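User: I would like to learn how burial, contacts and cavities are read from a structure. Could you guide me through an example?

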Amino acid sequence: MSTLKVDAIRHNSATSDAITTAADGTCTAKLTSVGGGGLSHRNVIVNGAMNVAQRGTQSTGNTTAGYTTVDRFQLALSAAGTWTTDQSSVTDLAGFSKAFKVTCTTANGDGSNLSNSAGILACQYRAEGQDIQGFHKGFSSAKQYALSFYVKSNKTGTYVVEVLDVDNSRHICKSYTVSSASTWEKKTLILDADTTGKFDNDSNHSLQLRWYLAAGTNFTSGTLATSWASNTSANKAVGNANLAQATSNFWEITGVQLEVGDTATSFEHRSFGDELARCQRYY
(Lines give C-alpha, C1' and ligand atoms only; values in the text may rest on other atoms or scores of the structure.)
Protein backbone atom coordinates (compact mmCIF):
# COMPACT_ATOMS: atom_id res chain seq x y z
CA MET A 1 0.00 0.00 0.00
CA SER A 2 1.34 3.45 -0.90
CA THR A 3 0.36 7.00 -0.07
CA LEU A 4 0.31 9.87 -2.57
CA LYS A 5 0.31 13.44 -1.33
CA VAL A 6 -1.58 16.00 -3.42
CA ASP A 7 -2.31 19.70 -3.03
CA ALA A 8 -5.16 19.96 -5.55
CA ILE A 9 -7.87 20.48 -2.96
CA ARG A 10 -6.18 23.25 -1.00
CA HIS A 11 -4.22 25.11 -3.65
CA ASN A 12 -3.81 28.12 -1.37
CA SER A 13 -2.47 26.12 1.55
CA ALA A 14 0.69 24.26 2.39
CA THR A 15 -1.40 21.47 3.91
CA SER A 16 -1.54 18.30 1.76
CA ASP A 17 -4.33 15.75 1.54
CA ALA A 18 -3.59 12.03 1.49
CA ILE A 19 -4.76 9.50 -1.10
CA THR A 20 -3.92 5.94 -0.09
CA THR A 21 -3.81 3.32 -2.86
CA ALA A 22 -4.20 -0.40 -2.18
CA ALA A 23 -2.64 -3.32 -4.06
CA ASP A 24 -5.87 -3.96 -5.96
CA GLY A 25 -5.87 -0.42 -7.35
CA THR A 26 -8.59 0.97 -5.12
CA CYS A 27 -7.90 4.09 -3.12
CA THR A 28 -9.24 6.10 -0.21
CA ALA A 29 -8.83 9.82 0.25
CA LYS A 30 -8.68 11.98 3.34
CA LEU A 31 -9.69 15.47 2.27
CA THR A 32 -8.96 18.50 4.39
CA SER A 33 -11.88 20.93 4.47
CA VAL A 34 -10.93 24.19 2.77
CA GLY A 35 -10.12 26.89 5.31
CA GLY A 36 -12.22 25.16 7.96
CA GLY A 37 -15.38 25.40 5.84
CA GLY A 38 -16.86 23.23 3.09
CA LEU A 39 -15.48 22.20 -0.29
CA SER A 40 -18.56 23.64 -2.02
CA HIS A 41 -21.01 26.40 -1.07
CA ARG A 42 -18.08 28.12 0.59
CA ASN A 43 -19.20 31.60 -0.34
CA VAL A 44 -22.03 32.97 1.79
CA ILE A 45 -22.32 36.03 -0.47
CA VAL A 46 -25.11 36.02 -3.07
CA ASN A 47 -24.24 37.62 -6.43
CA GLY A 48 -20.61 38.22 -5.51
CA ALA A 49 -19.65 38.35 -9.19
CA MET A 50 -22.26 41.11 -9.74
CA ASN A 51 -23.87 39.25 -12.65
CA VAL A 52 -27.50 39.86 -11.64
CA ALA A 53 -29.01 43.35 -11.86
CA GLN A 54 -32.82 42.98 -11.93
CA ARG A 55 -33.45 46.70 -11.31
CA GLY A 56 -31.35 47.82 -14.29
CA THR A 57 -27.73 48.46 -15.15
CA GLN A 58 -27.51 52.17 -14.23
CA SER A 59 -29.06 54.53 -11.68
CA THR A 60 -28.31 58.27 -11.66
CA GLY A 61 -28.87 61.14 -9.24
CA ASN A 62 -28.61 59.05 -6.08
CA THR A 63 -28.50 61.10 -2.85
CA THR A 64 -30.07 58.60 -0.43
CA ALA A 65 -29.57 54.96 0.47
CA GLY A 66 -31.10 52.04 -1.39
CA TYR A 67 -30.70 49.15 -3.80
CA THR A 68 -30.08 50.72 -7.21
CA THR A 69 -28.55 48.33 -9.75
CA VAL A 70 -26.69 45.14 -8.79
CA ASP A 71 -28.77 42.78 -6.66
CA ARG A 72 -27.87 42.34 -2.97
CA PHE A 73 -25.38 45.25 -2.95
CA GLN A 74 -26.87 48.36 -1.44
CA LEU A 75 -25.73 51.98 -1.48
CA ALA A 76 -25.50 53.37 2.07
CA LEU A 77 -25.73 57.11 1.41
CA SER A 78 -26.59 60.24 3.36
CA ALA A 79 -25.27 63.82 3.08
CA ALA A 80 -22.42 62.67 0.84
CA GLY A 81 -23.04 64.27 -2.55
CA THR A 82 -24.69 62.77 -5.62
CA TRP A 83 -23.80 59.43 -7.19
CA THR A 84 -24.33 57.25 -10.23
CA THR A 85 -24.28 53.49 -9.74
CA ASP A 86 -23.65 50.98 -12.53
CA GLN A 87 -23.47 47.31 -13.21
CA SER A 88 -20.26 48.00 -15.07
CA SER A 89 -18.68 45.80 -17.73
CA VAL A 90 -15.30 44.28 -16.87
CA THR A 91 -12.82 43.49 -19.64
CA ASP A 92 -9.52 43.56 -17.75
CA LEU A 93 -10.01 40.98 -14.98
CA ALA A 94 -9.89 37.27 -15.79
CA GLY A 95 -12.94 35.33 -14.66
CA PHE A 96 -15.27 38.32 -14.23
CA SER A 97 -17.42 40.32 -16.64
CA LYS A 98 -19.43 42.55 -14.27
CA ALA A 99 -18.82 44.82 -11.28
CA PHE A 100 -20.70 47.22 -9.00
CA LYS A 101 -19.48 50.76 -9.66
CA VAL A 102 -20.18 54.08 -7.95
CA THR A 103 -19.20 57.41 -9.54
CA CYS A 104 -19.34 60.86 -7.98
CA THR A 105 -21.36 63.50 -9.88
CA THR A 106 -21.61 66.11 -7.10
CA ALA A 107 -18.71 66.33 -4.67
CA ASN A 108 -18.88 66.72 -0.89
CA GLY A 109 -16.07 67.69 1.50
CA ASP A 110 -12.68 69.06 0.50
CA GLY A 111 -10.64 67.05 2.99
CA SER A 112 -10.53 63.54 4.41
CA ASN A 113 -14.04 63.82 5.89
CA LEU A 114 -17.46 64.68 4.51
CA SER A 115 -18.71 68.18 5.28
CA ASN A 116 -21.60 66.78 7.33
CA SER A 117 -20.41 65.01 10.48
CA ALA A 118 -23.19 62.40 10.08
CA GLY A 119 -22.59 61.90 6.35
CA ILE A 120 -21.86 58.46 4.96
CA LEU A 121 -21.12 56.75 1.66
CA ALA A 122 -20.63 52.99 1.56
CA CYS A 123 -21.34 49.80 -0.34
CA GLN A 124 -23.32 47.44 1.87
CA TYR A 125 -24.31 43.76 1.94
CA ARG A 126 -26.74 42.10 4.37
CA ALA A 127 -26.91 38.38 5.23
CA GLU A 128 -29.57 36.25 6.93
CA GLY A 129 -28.71 34.64 10.24
CA GLN A 130 -29.52 31.15 8.98
CA ASP A 131 -26.94 31.50 6.19
CA ILE A 132 -24.00 32.31 8.49
CA GLN A 133 -24.27 29.67 11.20
CA GLY A 134 -21.05 28.07 9.98
CA PHE A 135 -19.04 30.81 11.69
CA HIS A 136 -20.13 29.42 15.10
CA LYS A 137 -20.25 32.97 16.45
CA GLY A 138 -20.83 33.10 20.19
CA PHE A 139 -19.56 29.55 20.76
CA SER A 140 -16.19 28.33 22.05
CA SER A 141 -15.66 26.82 18.58
CA ALA A 142 -16.09 30.23 16.85
CA LYS A 143 -14.44 30.45 13.42
CA GLN A 144 -12.53 33.20 11.66
CA TYR A 145 -13.90 35.11 8.65
CA ALA A 146 -12.05 35.15 5.33
CA LEU A 147 -13.20 38.05 3.16
CA SER A 148 -11.79 38.52 -0.33
CA PHE A 149 -12.74 40.81 -3.20
CA TYR A 150 -11.39 42.70 -6.22
CA VAL A 151 -11.44 46.49 -6.10
CA LYS A 152 -10.64 49.27 -8.57
CA SER A 153 -10.63 53.04 -8.02
CA ASN A 154 -9.02 56.14 -9.43
CA LYS A 155 -8.49 57.39 -5.86
CA THR A 156 -5.70 55.57 -4.08
CA GLY A 157 -5.43 55.43 -0.32
CA THR A 158 -6.80 53.65 2.72
CA TYR A 159 -10.34 52.28 2.88
CA VAL A 160 -12.18 50.37 5.62
CA VAL A 161 -14.46 47.32 5.63
CA GLU A 162 -16.74 46.76 8.61
CA VAL A 163 -18.33 43.46 9.64
CA LEU A 164 -21.32 44.16 11.86
CA ASP A 165 -23.11 41.63 14.06
CA VAL A 166 -26.60 43.16 13.99
CA ASP A 167 -28.07 40.71 16.51
CA ASN A 168 -25.62 41.62 19.28
CA SER A 169 -24.54 45.12 18.23
CA ARG A 170 -20.89 44.16 17.81
CA HIS A 171 -18.46 44.94 15.01
CA ILE A 172 -14.93 44.52 13.71
CA CYS A 173 -13.20 46.66 11.06
CA LYS A 174 -10.21 46.14 8.80
CA SER A 175 -8.48 48.55 6.46
CA TYR A 176 -7.10 47.87 2.99
CA THR A 177 -5.16 50.02 0.55
CA VAL A 178 -5.93 50.90 -3.05
CA SER A 179 -2.32 51.10 -4.22
CA SER A 180 -2.57 51.59 -8.00
CA ALA A 181 -5.07 53.96 -9.57
CA SER A 182 -7.65 52.48 -11.94
CA THR A 183 -6.22 48.97 -11.60
CA TRP A 184 -7.95 45.83 -10.36
CA GLU A 185 -6.39 44.65 -7.10
CA LYS A 186 -7.35 41.62 -5.01
CA LYS A 187 -7.76 42.19 -1.30
CA THR A 188 -7.90 39.51 1.38
CA LEU A 189 -8.89 40.26 4.96
CA ILE A 190 -8.88 37.64 7.73
CA LEU A 191 -11.07 38.67 10.65
CA ASP A 192 -11.02 37.28 14.17
CA ALA A 193 -13.42 34.70 15.51
CA ASP A 194 -15.86 36.00 18.12
CA THR A 195 -16.98 33.84 21.04
CA THR A 196 -19.36 36.55 22.28
CA GLY A 197 -22.92 36.81 20.96
CA LYS A 198 -24.62 34.23 18.75
CA PHE A 199 -26.17 34.97 15.36
CA ASP A 200 -29.92 34.32 15.40
CA ASN A 201 -30.71 31.24 13.31
CA ASP A 202 -33.55 32.71 11.25
CA SER A 203 -34.30 34.67 8.07
CA ASN A 204 -33.71 38.09 9.61
CA HIS A 205 -30.79 40.41 8.96
CA SER A 206 -27.91 39.29 11.21
CA LEU A 207 -24.63 40.23 9.50
CA GLN A 208 -23.73 43.33 7.55
CA LEU A 209 -20.66 44.02 5.44
CA ARG A 210 -19.93 47.67 4.73
CA TRP A 211 -17.18 49.00 2.46
CA TYR A 212 -16.74 52.65 3.50
CA LEU A 213 -16.04 55.11 0.70
CA ALA A 214 -16.49 58.38 2.63
CA ALA A 215 -17.67 59.35 6.10
CA GLY A 216 -18.18 62.30 8.42
CA THR A 217 -16.46 62.75 11.76
CA ASN A 218 -19.21 60.82 13.56
CA PHE A 219 -17.63 57.70 12.04
CA THR A 220 -13.95 58.68 11.99
CA SER A 221 -13.17 60.43 15.29
CA GLY A 222 -12.35 57.37 17.38
CA THR A 223 -10.00 54.39 17.11
CA LEU A 224 -10.61 51.81 14.41
CA ALA A 225 -12.24 48.69 15.89
CA THR A 226 -9.75 46.11 14.59
CA SER A 227 -10.95 43.54 17.14
CA TRP A 228 -14.53 42.54 17.95
CA ALA A 229 -16.14 45.12 20.23
CA SER A 230 -19.44 46.82 21.01
CA ASN A 231 -20.74 48.73 18.00
CA THR A 232 -19.38 52.29 18.26
CA SER A 233 -20.00 54.78 15.46
CA ALA A 234 -16.78 56.76 15.99
CA ASN A 235 -14.67 53.61 15.50
CA LYS A 236 -16.12 52.49 12.17
CA ALA A 237 -14.27 54.32 9.37
CA VAL A 238 -11.18 55.87 10.97
CA GLY A 239 -8.60 56.83 8.34
CA ASN A 240 -10.90 56.17 5.39
CA ALA A 241 -10.36 58.07 2.14
CA ASN A 242 -13.00 60.55 0.96
CA LEU A 243 -14.15 59.33 -2.45
CA ALA A 244 -16.68 62.17 -2.50
CA GLN A 245 -13.93 64.77 -2.57
CA ALA A 246 -14.13 65.30 -6.34
CA THR A 247 -16.50 64.63 -9.19
CA SER A 248 -15.63 61.69 -11.46
CA ASN A 249 -14.06 59.77 -8.58
CA PHE A 250 -15.14 56.14 -8.87
CA TRP A 251 -14.90 52.83 -7.01
CA GLU A 252 -15.71 49.34 -8.33
CA ILE A 253 -15.96 45.95 -6.67
CA THR A 254 -16.46 42.35 -7.83
CA GLY A 255 -15.52 38.81 -6.85
CA VAL A 256 -16.76 39.24 -3.29
CA GLN A 257 -16.39 36.11 -1.18
CA LEU A 258 -16.95 35.57 2.54
CA GLU A 259 -16.13 32.12 3.90
CA VAL A 260 -15.47 30.28 7.12
CA GLY A 261 -11.88 29.94 8.30
CA ASP A 262 -8.44 31.48 8.06
CA THR A 263 -7.93 30.82 4.33
CA ALA A 264 -9.33 32.82 1.42
CA THR A 265 -9.81 30.36 -1.44
CA SER A 266 -10.33 31.12 -5.12
CA PHE A 267 -13.70 32.66 -5.98
CA GLU A 268 -16.57 30.18 -6.09
CA HIS A 269 -18.27 30.78 -9.42
CA ARG A 270 -21.91 29.73 -9.59
CA SER A 271 -24.18 29.49 -12.62
CA PHE A 272 -26.21 32.55 -13.62
CA GLY A 273 -29.43 30.60 -13.05
CA ASP A 274 -28.38 29.68 -9.53
CA GLU A 275 -27.46 33.25 -8.63
CA LEU A 276 -30.63 34.64 -10.22
CA ALA A 277 -32.81 32.28 -8.15
CA ARG A 278 -30.99 33.33 -4.98
CA CYS A 279 -31.45 37.01 -5.82
CA GLN A 280 -35.14 36.54 -6.59
CA ARG A 281 -35.63 35.50 -2.98
CA TYR A 282 -35.04 39.14 -2.00
CA TYR A 283 -36.05 41.20 -5.02
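Analyst: The following dialogue treats one residue, then the cysteines, then the internal cavity. Please keep in mind that the model is predicted.

User: Where does aspartate 71 lie?

Analyst: Aspartate 71 is found in the loop that joins strand E5 (66–67) to strand E6 (73–78).

User: Is aspartate 71 buried or exposed?

Analyst: Burial is judged by relative accessible area, with buried meaning under 20%. Aspartate 71 has 2% relative accessibility and therefore counts as buried.

User: What does aspartate 71 touch, leaving aside residues up to four places away in sequence?

Analyst: Contact means heavy atoms within 4.5 Å. With those sequence neighbours left out, aspartate 71 touches Asn47, Val52, Ala53, Gln54, Arg55, Cys279 and Tyr283. With glutamine 54 there is also a polar contact between the two side chains, at 2.5 Å.

User: How many disulfides does a search of the whole structure find?

Analyst: A disulfide requires two cysteine sulfur atoms within 2.5 Å. The search finds zero disulfides in the whole structure. Burial can still be read for individual cysteines: cysteine 104 counts as buried because its relative accessibility is 2%, and cysteine 173 counts as buried at 0%.

User: How many cavities of 30 Å³ or more are there, and which residues line the largest cavity?

Analyst: A cavity is a space where a 1.4 Å probe fits but cannot get out. The count is one cavity of 30 Å³ or more, and the largest cavity has a volume of about 40 Å³. Its lining consists of Val44, Val46, Arg72, Tyr125, Arg126, Ala127, Glu128, Asp131 and Tyr282. By class, this lining comprises five nonpolar, no polar and four charged residues.

Conventions: Residues are numbered from 1 along each chain as its sequence is written. This is a predicted model: local features need pLDDT of at least 70, side-chain atom pairs count only at pLDDT 80 or more; totals for chains, interfaces and linings use all residues. Side-chain values use heavy atoms; hydrogens and water are left out. Helices (H or I, at least four residues) and strands (E, at least two) are DSSP runs, numbered from the N terminus. Buried means under 20% relative accessible area, exposed over 50%, partly exposed in between (1.4 Å probe, protein chains only). A polar contact is a pair of N or O atoms within 3.5 Å; within protein, one must be able to donate a hydrogen and the other to accept it, and residues adjacent in sequence count only if both atoms are side-chain atoms. On a 1 Å grid over the protein atoms alone, a cavity is a set of points where a 1.4 Å probe fits but cannot get out, and a pocket is an open set with protein on both sides within 12 Å along at least five of seven lines; lining residues have an atom within 4 Å of a point. Grid points are joined across faces, edges and corners, and a volume is the space filled by probe spheres set on the points. Ala, Val, Leu, Ile, Met, Phe, Trp, Tyr, Cys and Pro count as nonpolar, Asp, Glu, Lys and Arg as charged, and the others, Gly among them, as polar.
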